[in-house]
Amino acid sequence: MTQEPVFVVVDRPLGSSHPEWPDTIYPVNYGYLPGVPAPDGEEQDVYILGVDRPLETFTGLVIAVID
């Protein structure tokens, strides 16, 4: 089975603080899959692991799903 890469928009880069709770610092790049709805009605959240610099976007493979 082949796997297609996904495009991620990073709205909380590594090292950034949460917009409402500035003491909360993101230890990984965190974003979403545009156009892919999650069960909560928002776009599907994504954690990008293994990258040690802040990103704006990312293209890669999904390796796990946390339910």
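Helices (H or I, at least four residues) and strands (E, at least two) are DSSP runs, numbered from the N terminus. With that in hand, welcome to the tour: read along the sequence, the protein chain follows the pattern β-β-β-β, with zero helices and four strands.

This is a predicted model, in which local features need pLDDT of at least 70 and side-chain atom pairs count only at pLDDT 80 or more, while totals for chains, interfaces and linings use all residues. Residues are numbered from 1 along each chain as its sequence is written, and side-chain values use heavy atoms, with hydrogens and water left out.

**Stop 1: the whole chain**

Start with the C-alpha trace of the protein chain, which spans about 40 × 30 × 20 Å along its principal axes. Next, colour by accessibility, where buried means under 20% relative accessible area, exposed over 50% and partly exposed in between (1.4 Å probe, protein chains only). Of the 67 residues of the protein chain, 22% count as buried.

**Stop 2: the sheet**

Now show the strands as a cartoon. Two strands pair if DSSP finds at least two bridges between them. The four strands here form an open sheet with antiparallel pairing, in the order β3-β2-β1-β4. Select 43-48 for β3 and 57-60 for β4: these are the edge strands, and each pairs on one side only. From one strand to the next the twist averages 40 degrees; for such angles, axes are lines fitted to C-alpha atoms (for helices over the stretch in contact), and values run from 0 to 180 degrees between N-to-C directions.

**Stop 3: across the strands**

Select residues 6-12, which make up β1; three bridges join this strand to β2, and the two run antiparallel. Then add residues 29-37, strand β2, which is antiparallel to β3 and joined to that strand by six bridges.

Which residue of β2 is the bridge partner of V10? Click on G31 to find that partner. G31 also stands opposite V46 in β3, so keep G31 selected while you look to either side. Moving along, P37 has E43 as its bridge partner in β3.

**Stop 4: the hairpin**

Follow β2 into β3: the two form a hairpin with five residues between them. In the turn, select G41, which has a positive phi of about 90 degrees. D40 is found in the loop between β2 and β3, and D40 is exposed, with a relative accessible area of 56%. For a distance to draw, try the C-alpha atoms of D40 and P54: they are separated by 26 Å and lie 14 residues apart along the chain.

E43 is found in strand β3. At 32% relative accessibility, E43 counts as partly exposed. From the C-alpha atom of E43 to that of Y26 the separation is 19 Å, with their positions 17 residues apart along the chain.

**Stop 5: the tyrosines**

Show Y26, Y30 and Y47 as sticks; together they form one aromatic cluster. A pair of aromatic rings is described by the distance of the centres and the angle of the planes. Rings of Phe, Tyr and Trp (its six-membered ring) pair if their centres lie within 6.5 Å; planes under 30 degrees apart count as stacked, over 60 as edge-to-face and the rest as tilted. By this rule the count comes to two aromatic pairs.

Take Y26 and Y30 to begin with: their ring centres are 5.6 Å apart and their planes are at 20 degrees, so this pair is stacked. Y26 is buried at 14% relative accessible area, and Y30 counts as buried at 15%.

Why is the pair of Y30 and Y47 tilted? The ring centres are 5.3 Å apart and the planes lie at 45 degrees, so the pair is tilted. Y30 lies in strand β2 and Y47 in strand β3, so the pair ties together parts that are 17 residues apart in sequence.

**Stop 6: the surface at Y47**

Is Y47 buried or exposed? Switch on the surface: Y47 is exposed, with a relative accessible area of 53%. Finish by adding L49 and I66, which form a nonpolar patch on the surface with Y47, about 410 Å² of accessible area together. Patches are made of residues with over 30% relative accessible area and no salt bridge (a side-chain nitrogen of Lys or Arg within 4 Å of a carboxyl oxygen of Asp or Glu). Like charges are joined within 9 Å, and nonpolar side chains (Val, Leu, Ile, Met, Phe, Trp, Tyr) within 5 Å. The accessible areas come from the Shrake-Rupley method with a 1.4 Å probe; for residues, only the protein chains shown count as cover.
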